[in-house]
Each structure stands twice: as structure tokens, then as C-alpha cells.
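Subject: Structure handover

Hi,

Here is the model I promised to pass on to you. Have a look at it first, and then read on for my notes.

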Amino acid sequence: MNKNRRSFLKVAGLSVFALSSGATAFSSAAQAMVSPGTYEPAPKELKAKRWAMVIDTRTFRTADDYKAIIEACHAAHNVPDIRSKADGHEDQEIKWIWTDSYKHAFPDDLNEHLADRVKKRPFPLLCNHCTNPPCVRVCPTQATYQLPNGIVTMDYHRCIGCRFCMAGCPYGARSFNFVDPRGYLSDPVPNPEYPTRMIGVVEKCTFCVERLAKGLMPACVEASEGRILFGDLNDPESTVRKALAENYSIRRKPNLGTQPGVYYIV
Amino acid sequence: MVEKLLEGSKRYYMWLLFLVVVIAVCFIVYLFQLFEGLGVTGMNRDVSWGLYISQFTYLVGVAASAVMLVLPAYFHHYKKFKIMIIFGEFMAISAVVMCCLFIVVDLGQPQRMANVMLHPTPNSVMFYDMIVLIGYLTLNCIIGWVTLEAERHETQPPKWVLYLAYLSIIWAFSIHTVTAFLYAGIPGRHYWLTAIMAARFLSSAFCSGPAILLLLMLLLRRLTGFNPGKEAIHTLATIITYAMCLNVFFYLLEVFTAFYSNIPGHYDPLVFLFTGYHGVTSWVTPCMWLAVLCTIGCLSILIPPQTRSGKYMPYALGMLVLASWIDKGLGLLIGGFTPNMFESVTLYLPTVRELVVAVGVYAVGALVLSLLWKIALSVKFETGHSDGDLVK
Ligand code: SF4
Ligand code: SF4
Ligand code: SF4
């Protein structure tokens, strides 16, 4: 399945052309030209049994600390800033990582007398790469799928834009391209190595699969200066496991059984 | 039988022409949506489904409701419905056509629609929904056409059609159950996460669908003289009344569970719909109260047997359709998305262009219905089966 998917991605360039021109037959011809099984894992690829993220919210001090991680992610993935133009599409924005208050991030915890430092602190929110992801369960085309290492990622060329996954995600982690995102990006785009998206598809944080394949840590992790940890949840010696063993951590909406892979140290 | 389409009155052709013009205009607006993206609609990051999907949901119900004629006629040999069945089946066809179109106009990348079949995904409810809808459409086309053809030749329809009709009864329940599962299996959407969703869907379908059918039959009687029969009308009105009572009962069960358990997640959507949430009110609130008034109004006419099929019946049916449409065609979707995943409110208001596209889809449905009913009517008049009061 994964091999097929990767080889599918290899011909993505051709398929984008074929699919966006509406010629599906064209694209299957293009796929047929590539022999299956040509995919080899990159030699430097970072590997894990279950990738997970630990965000030490105590160490974020200023607004710039948050801004740095958001900008790093959005620049690395050419995420358009729809709100930058006041053109009536503000509610139809795209965001992969953003901040919100404790009350909104953890709405089930209705404690009015929470310590001020927690109540007032912004929390970075992103896709949780759930172990049991409802978005994958509901997607009718497998355009959203889960890798064996726990990452939930997207095939932008297969997505039909039905938005069932957005209804399914309990964390509001997914964005839909209501408008052409390219109109909101600089020219040239911030990261020419990463594809821009077309109208009508859903997107979200991918735990930087494309960077992990090159042996790099996720962009937000790199920009966080140690405030965000990233590692293998199945390895007791990993940084994430050690941080979780030593600190009190919480996850968003744990009672839904999705098993989020993003932990917050409060 | 297709030749029957060629022998209509001038008024009939004017009506078809009108529909074609409406469809053409709306299609142009749809082309704008296709090129500019769904940004032309009022949907947003938090309310990511809107008018299109809610109309789809409502119309699946209308399609399923044909079973309220088929079931008594085939299972209980209730002869009085026989004359009307074909109209119910043809209405189901037009409803399924609209359902499919509403799905298509809602897609961000409709040209990739075939991916649902190219990559069949058995864990997605949408996959099953597609299968059952296509199956139901096929069943109704075959059954409708063959029985009508037989009626035209004044013979009995072949035996196998009977089995297909039995199958279509079960199938009708399945299409609306599967549609309810689209919603009822999603974690984190409190308003939808309820086991009674499928039952609510069916009960609301079985009152609103036949109500629409009956209203259209009354219109047909006025326009063409085709008479479904006094007794049939009364029986159908009784079925509608029972289904509506069940529908209201199921809704009240939700209200009880939400408020008596006092779990915020459960009552928040109801609070939002009926009073506004944390000071934020939207245009849906007056609509919901209108639905309540319409429900009381229609039930007070429909419940007493003396007034049930009397001269106020059309008003009662109209109120019923409006109430059920507000509940399922507006409240269900908006209440499911509000409060959003952060327990705050992002409002949704359909845009004019969105409304125009929706009108276009309804116009296509009306066109399909007009053509099919024209064929059915011609056969009825030709064979002299045009007066239900004469059925023994
Ligand atoms: S957070 Fe949402 S989008 Fe991410 S894996 Fe979980 S359900 Fe899917
Ligand atoms: S919008 Fe795309 S990713 Fe989401 S469920 Fe539909 S096809 Fe799958
Ligand atoms: S992991 Fe990568 S994609 Fe996800 S928020 Fe961080 S930088 Fe963005």
C-alpha cells in the first residue's frame, strides 16, 4: 500500500497536470508508465515506530516564541496567510499550527479556578497524529492515510474535497482550500521545494514527513529552540519519553479514544 | 413510453422551458464556483459543510419516503395506494438525482469524483452511501418503468418485479440509515453523536416525504384532474401524522437527555440553536422557533381525524414540510458544527451564489419529476386509471 502510494507521489507532477485538467484516464496512463516498486527509503531518513511530539508550554515566554514556530511551519509548507487580505475569506483560512487559549484547546476541562499562568497561556495547536484517527476512518478515497510510524498525512492529488475529514476531526486541525492559495503566497513561494496546493483540497500538519525523509527534524521543532520535543514514543530512551516520564502532561480531548500523539507539559 | 413526453399542453412546455432557463442560469453560477472554489459559499473552516450537504440529507429522506406507499401496497395489499405508487417511485428517482447533484456541487474537486470508486474504502460511510444511493436509484428506475409499462398494456407486472419491490422496501430504510451514520459515527460532534439519529432521520423522512408527495398530488389534481382518491389521501395523511408524532417524540428524547444529564457538550448545540450561545445568536434561532410553531400548528390540524384530510390539510402539510426542513435541512448541520471544536462560535450564512446553485439543483429535480410524472399521468389517463375513488 505504502509503496504504491509513494510511487504514486513520484508521478504526482504528471498526475497534477492530468487530474487538474480533468483527464483521469490520462493520469492512469501516466501511472502505468512508472514501474512499481521503484521506491527506496532515503538513506538519511529518520525512523521511529511511533512519532510523537511533546510541547513544553512552560518554556514559551514571549509572543515571538510562538510566532517563530508558526512562521517556520507556514514558510516551510507554503501555507497561505488568508487573513492578510481583508477580502471576506478570513473565516476560510488555512493553518497548520496556531495558538489558542487553554479554554478552547482543552474545552472538556471546565475548571474556572485554573492557575492564571495556565489560563492565560497560549497553546500551540496542530494535528495530533492520532493513533485512531477519525479523519482517516471517514475519508472515502484514502487521501488521508496513516503511515506505519504513526504519522497521518495527505495525498493532495487524490483528495476530492468532500470535507468529511474536517467534520470527523475533533480537533479542528484541518483546513480546506476554499480559495486559490497561490493568490496569497509571495512570488517565488517561501519554499519552492514544497508543493503548493490547488483549490478544493484539504490540508494539515504532516509532522514534516518530507523533512524526516531527509534526516531533518520538523520545522517547528527546529525553530522552537528546544521548547518542542519530537521523537519515538515507543523508545523508552527517547527525549519525548523521558520528558513525559519526568513531567505532568496532558492531551487534547483524551476521552474520545483517538489517542493524540501531541502532548502538552503544563 | 418516452413518446408520451411529446404530447403535452402549451402550459406544460412553458413550465419545462422555465425550468431549463433556471437551470442554465444557475449552472453559470456553478461554473463560477468551480473556477473560484467553494470560497464563493458561506462555509468556513469551522462550519465546513453547509446548505449543500444539508439538502442532500433532507432529500435522501424524501427519496426513502416512497416506501410509505410501497410498503402498505405490497406487504399489506392496500389497493388504494396502487394508483399513486408510481408517483412516489418517480419522486424518489428525482430526489436521488438531486442528492447526487448536491454531493457533486459540494465537492472541492468534482473532476476527481471517480476516486471514490477507484479507491474503494470500506471503512468510510460515504462509500456505502454511494453504493446504496446508486442501488436505490436503479431499483426505482426498474420497478417504476416495468410496472408502468405493464399497466399500460393492462397486464400484470412480471413476478420478479415484486421481489425487487420487496428489496426496495428494505433498501429505502438502508439509504437513510447509512446517511444517518455519516453523522452519528463522528466523535466530538455532540449534536450528531447519538444512537437515535437514524431513527430520527427515518421518522422525519416518513412524514416530510409523503407530505411533499401529497401536496404535489393535490396540485396535480387541480391541474390535470388526476384524483388519487379520498381514502388514499386520508390514509397517507394518517401515516404522515404518526411519523410526525414519532419525529417530535424522538427530538424530545434528545432534549431530555441533553438537559437532564446536564452535560454541557450535549446541551450546547440545542442552546445555540434555540437561544444563542454565550451571547452569540444567529439567524437560525428564529428559524428553529418557527419550526416549533409549525410543528404545533400542523399537529393540531393533523391529529384530530375530522380535520386531518379536510380543507386545512394542505396548510398542515406545508407547515410540516417547513418544520422538518428547518430541523433537518438547517438545524442539523449548523447545530452539529456550532459550537465548534473549540467550544466557540463561528457563524455560517449561505451566500446568494450558494443559494442560486442550490435552486439550480432543485430545478433539475423538478425537471426530472415533471418529465417522469408526465409519462405516468399519460399512462394513467390512457388506461382510465385516473380516479382513485373508483378503485375497488
Ligand atoms: S488531529 Fe484530526 S486531522 Fe490530525 S490525525 Fe487526529 S483526527 Fe486526523
Ligand atoms: S476532503 Fe479529501 S482528505 Fe478529506 S475526507 Fe474528503 S477526500 Fe479525504
Ligand atoms: S510538525 Fe511540521 S507540519 Fe506539523 S506543525 Fe510542525 S512544522 Fe508544521
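How do the residues of the shell around ligand 2 divide into nonpolar, polar and charged? The split is nine nonpolar, three polar and two charged. Before I go on, please keep in mind that this is a predicted model, so everything below is computed from it.

**The ligands**

Staying with ligand 2 for a moment, there are 14 residues around it, and those that come nearest are C139(A), T144(A), C159(A), C162(A) and C165(A).

Ligand 1 has 13 residues around it. Coming nearest there are C127(A), N128(A), C130(A), C135(A) and C169(A). Sorted by class, that shell holds nine nonpolar, two polar and two charged residues.

Ligand 3 is also surrounded by 13 residues, and its closest ones are C73(A), H77(A), C205(A), C208(A) and C220(A). Its shell has no charged residues; the division is 11 nonpolar and two polar.

**Where the two chains meet**

Next, the interface. Chain A puts 52 residues into the contact and chain B puts in 41. Between them the chains bury about 3,800 Å², with 57% of that on carbon and sulfur atoms. On the chain B side, R45(B), R112(B) and F342(B) lose the most area to chain A, and together they make up 23% of what that side buries.

How many salt bridges does the rule find across this interface? The number is one. In a salt bridge, the side chain of R163(A) meets that of D106(B), at 2.6 Å from N to O. As for polar contacts, 29 residue pairs between chain B and chain A make one, with both residues at pLDDT 80 or more.

Looking at which elements of chain B take part, α1 (10-36) and α5 (115-118) each give two or more residues to the side that touches chain A. The one that gives the most is α1(B), with three residues. By class, the residues on that side of chain B are 18 nonpolar, 17 polar and six charged.

One residue you may want to click on is S124(B), in the loop between α5 and α6 (125-152) of chain B. Is S124(B) buried or exposed? S124(B) counts as buried because its relative accessibility is 0%. Setting aside neighbours within four places in sequence, S124(B) is in contact with R137(A), V138(A), C139(A), P140(A) and F164(A). You have already met C139(A) in this email, among the residues that come nearest to ligand 2.

**Chain A as a whole**

Chain A has 11 helices and 10 strands. Of its 266 residues, 54% count as buried. If you take the contacts in chain A between residues at least 6 apart in sequence, 65% of them join residues at least 24 apart.

**A tryptophan in chain B**

W325(B) lies in helix α13 (residues 313-337) of chain B. It has a relative accessibility of 26%, so W325(B) counts as partly exposed. Leaving out neighbours within four places in sequence, W325(B) is in contact with Q55(B), Y58(B), L330(B) and Y362(B). The C-alpha atoms of W325(B) and A205(B) are 9.9 Å apart, although 120 residues separate the two along the chain.

**Backbone details**

Which bonds and angles should you look at? In chain A, the peptide bond from D187(A) to P188(A) is cis, with omega near 0°. P188(A) sits in the loop between β6 (175-176) and β7 (202-203) of chain A. In chain B, T338(B) and P339(B) are joined by a cis peptide bond too, with omega about -10°. You can find P339(B) in the loop between α13 and α14 (352-383) of chain B.

Two residues other than glycine have a positive phi: K253(A), with phi near 40°, and H278(B), with phi near 45°. K253(A) is in the loop between β9 (249-250) and β10 (262-265) of chain A, while H278(B) is in the loop between α10 (264-275) and α11 (284-302) of chain B. K253(A) is buried because its relative accessible area is 7%. H278(B), by contrast, counts as exposed because its relative accessibility is 65%.

That's it from me. Over to you!

Terms used: Residues numbered from 1 in each chain as written. Chains lettered and ligands numbered in written order. Predicted model: local features only at pLDDT ≥ 70, side-chain atom pairs only at ≥ 80, totals over all residues. Heavy atoms only, no water. Contact = heavy atoms within 4.5 Å. Buried area = accessible area lost by both parts, 1.4 Å probe. Salt bridge = Lys/Arg side-chain N within 4 Å of Asp/Glu carboxyl O. Polar contact = N/O pair within 3.5 Å; in protein donor to acceptor, adjacent residues only side chain to side chain. Helix = DSSP H or I, 4+ residues; strand = E, 2+ residues; numbered from the N terminus. Nonpolar A, V, L, I, M, F, W, Y, C, P; charged D, E, K, R; others polar. Near = heavy atom within 4 Å. Buried < 20%, exposed > 50% of the residue type's maximum accessible area, 1.4 Å probe, protein only.
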